[in-house]
Amino acid sequence: MGFKMTKTCKLCSQTKDIKFFYKSSTCRLGVRNVCKKCQNLQRVVYNKIYRQTHREWSRAYHRHWHQLHKEMHLKWARRWKQNNPKKVLAYQRKWTKRNPGKVRSHRTLTLARRLKRVPSWVIKNPTILSQIERIYQNRPKGYHVDHIIPLCGKLVSGLHVPWNLQYLPAHENRKKYNSFNPEDTNVHIWATK
Ligand SMILES: [Zn+2]
């Protein structure tokens with residue numbers, strides 16, 4: 001039997017072989033009125049509009065999904081990172097460029113931890129940690145984040161905590177490097193050990 005079944009798409013008005021239409025038991029000829037190409041296009045547009053109009057819902061849904069599949073997601077991410085080292089590196093570079101405050105904050109925290117100048121109750125307190133990070137992120141241009149009492153001073157060593165941080169003009173901070181004169185300032189000195 002050499003005859004072909006054709007149908008005209010309701011959207012693009014092209015007459016196509018029946019195999020270019022998705023099957024549907026409820027439609028005439030057992031296929032849909034719209035061809036596969038048009039239907040896929042429709043779906044893309046529909047999804048886009050749907051996501052835009054249901055943004056909040058969509059976010060909540062994805063958060064929920066992510067939480068349910070955390071382990072699986074982590075495994076995927078790990079595998080993807082292993083297979084795409086170049087992309088990972090490029091992303092890291094971009095992120096570093098875009099988040100200088102976070103990078104600086106993280107570096108100083110690492111250094112301060114190595115010097116044992118971060119009390120354990122700070123490390124366990126996300127509020128204080130984010131306070132420190134915000135200080136680094138909001139640093140005005142031309143200023144450095146300075147430890148009022150240096151982390152490893154000659155006379156006394158300060159802690160890496162928000163109330164021991166201040167903004168200093170870059171040139172002044174270089175001059176001050178690790179020196180601390182109690183007569184200079186009215187800051188409270190607390191026991192370091
Ligand atoms: Zn069509």
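1. How many helices and strands does the protein have? In this predicted model, the protein has eight helices and six strands, and a reader who follows the sequence meets them in the pattern β-β-β-β-α-α-α-α-α-α-α-β-β-α.

2. On overall dimensions, the radius of gyration of the protein is 31 Å, whereas a compact globule of 193 residues would have one near 16 Å. Taken along the principal axes, the box that the C-alpha atoms fill is roughly 100 × 35 × 35 Å, which can be kept in view when reading the points that follow.

3. On burial and contacts, buried residues account for 8% of the 193 residues in the protein. When contacts with a separation of 6 or more are considered, 49% of them join residues that are 24 or more positions apart.

4. On the division into domains, the protein is split into domain 1, covering 1–60, domain 2, covering 69–98, and domain 3, covering 100–176. Between the C-alpha centres of domain 2 and domain 3 there is a distance of 29 Å.

5. On a single residue, Arg79 has its place in helix α3, which spans residues 70–83. Is Arg79 buried or exposed? Arg79 counts as exposed because it has 10 C-beta neighbours inside 10 Å, and the cut-off for an exposed residue is 12 or fewer. Along the chain, Arg79 and Gln42 are 37 residues apart, and in space their C-alpha atoms are separated by 33 Å.

Terms used
Residues numbered from 1 in each chain as written. Predicted model: local features only at pLDDT ≥ 70, side-chain atom pairs only at ≥ 80, totals over all residues. Helix = DSSP H or I, 4+ residues; strand = E, 2+ residues; numbered from the N terminus. Rg over C-alpha atoms; globule rule 2.2 N^0.38 Å. Buried ≥ 20, exposed ≤ 12 C-beta atoms within 10 Å, placed from the backbone. Contact = placed C-beta atoms within 7 Å. Domains from an automatic or database assignment.
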